[in-house]
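Work through the exercises below with the sequence and the structure side by side. Try each task before reading its solution.

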Amino acid sequence: LIIMLIMLASCLKSPVASFDISDTKVYTYDTIHFTNTSTNYYGQTWDFGDSTGSSEENPDHIYSEAGLYSVELNVYNKTNRKKDIIYNSVLVEQLTDLVVRIYYAQTNNLVPACTVKIYTDQFDYAYNVNEKAKGITNQKGIVWFRNIEEAIYYVSAVKIENSDTLS
């Protein structure tokens, strides 16, 4: 009887860990969904690489800081004797705010109600296509672009006053 139990225990299939991630490049405070696609497992634990984890089968997670995180999924069988672990990476980038002040040429006077466009590509800037964001300066000549990618931006500013264009 003991030999038969040992044989049955050794016949249990080993778990095979695998999972999908909704997106492997996200921004801080985005929700990421993890889907456990493992086979032959009874339970699981997740380590999100930021000192937090979960025992849910298909958890959601939010990273509050930028960085490259190694996500670990550990699956195990009913007896907890057979385990499998898999890792995958998530790149979390920080969004930023860009403040643009527009001045009249050769003065210290800020330009209110000026249309401002930002581009990440010099070609797009030159041909005024595919702007990343567009705004209008306030009464103090300032426009804020909130929660945008950190990048080098090309800025276009246009205000029509008395048929003159300011660029």
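The exercises go from the whole chain to cores, sheets, salt bridges and single residues.

This is a predicted model, in which local features need pLDDT of at least 70 and side-chain atom pairs count only at pLDDT 80 or more, while totals for chains, interfaces and linings use all residues. Residues are numbered from 1 along each chain as its sequence is written, and side-chain values use heavy atoms, with hydrogens and water left out.

**Exercise 1. The whole chain**

Task: State how many helices and strands the protein chain has, and what percentage of its residues is buried.

Solution:
- Step 1. The protein chain has two helices and 14 strands. Both are DSSP runs numbered from the N terminus, helices being H or I with at least four residues and strands E with at least two.
- Step 2. Of the 167 residues, 29% are buried. Buried means under 20% relative accessible area, exposed means over 50%, and partly exposed lies in between (1.4 Å probe, protein chains only).
- Step 3. Take the contacts (heavy atoms within 4.5 Å). Among those between residues at least 6 apart in sequence, 58% join residues at least 24 apart.

**Exercise 2. The nonpolar cores**

Task: Find which strand gives the largest share of the largest nonpolar core.

Solution:
- Step 1. A nonpolar core is a set of buried Ala, Val, Leu, Ile, Met, Phe, Trp, Tyr and Cys residues joined through side-chain atoms within 4.5 Å.
- Step 2. The largest core has 15 residues, and those touching the most other members include Phe-19, Ile-32, Trp-46 and Val-90.
- Step 3. At least two residues of this core come from each of strand 1 (19-21), strand 3 (31-36), strand 7 (67-76) and strand 8 (83-93).
- Step 4. Strand 7 gives the largest share, four residues.
- Step 5. A second, separate core has 12 residues, including Val-111, Cys-114, Ile-118 and Ala-133.

**Exercise 3. Strand pairing**

Task: Give the strand order of the open sheet of five strands and name its edge strands.

Solution:
- Step 1. Two strands pair if DSSP finds at least two bridges between them.
- Step 2. The order is 2-8-7-4-5, and the pairing is mixed.
- Step 3. Strand 2 (25-27) and strand 5 (53-54) each pair on one side only, and these are the edge strands.
- Step 4. Inside the sheet, strand 4 (residues 43-47) pairs with strand 7 in the antiparallel sense over five bridges. Gly-43 has Tyr-76 in strand 7 as its bridge partner.

**Exercise 4. Two faces of a strand**

Task: Decide which side chains of strand 11 are buried.

Solution:
- Step 1. In a regular strand the side chains alternate between the two faces of the sheet.
- Step 2. In strand 11 (residues 133-136), Ala-133 and Gly-135 point to one face and are buried. Lys-134 and Ile-136 point to the other face and are not buried.
- Step 3. Strand 11 pairs with strand 10 (residues 115-119) in the antiparallel sense over four bridges. Ala-133 is the bridge partner of Ile-118.

**Exercise 5. Salt bridges**

Task: Locate the two salt bridges and say which parts of the chain each one ties together.

Solution:
- Step 1. A salt bridge is a side-chain nitrogen of Lys or Arg within 4 Å of a carboxyl oxygen of Asp or Glu.
- Step 2. Glu-93 forms a salt bridge with Lys-25, with the closest N and O atoms 3.9 Å apart. Glu-93 lies in strand 8 and Lys-25 in strand 2, so the pair ties together parts that are 68 residues apart in sequence.
- Step 3. Glu-93 is partly exposed at 25% relative accessible area, and Lys-25 is partly exposed at 43%.
- Step 4. Arg-146 and Asp-97 meet in a salt bridge with an N to O distance of 3.5 Å. Arg-146 lies in strand 12 and Asp-97 in strand 9 (residues 95-101), so this pair ties together parts that are 49 residues apart in sequence.
- Step 5. Arg-146 is exposed at 53%, whereas Asp-97 is partly exposed at 42%.

**Exercise 6. Single residues**

Task: Decide whether Asn-36 and Ser-51 are buried or exposed.

Solution:
- Step 1. Asn-36 is in strand 3. Its relative accessible area is 8%, so Asn-36 is buried.
- Step 2. Asn-36 and Glu-57 are 21 residues apart in sequence, and their C-alpha atoms are 6.1 Å apart.
- Step 3. Ser-51 lies in the loop between strand 4 and strand 5. Its relative accessibility is 78%, so Ser-51 counts as exposed.
- Step 4. Ser-51 is not a glycine, yet has a positive phi of about 70°.
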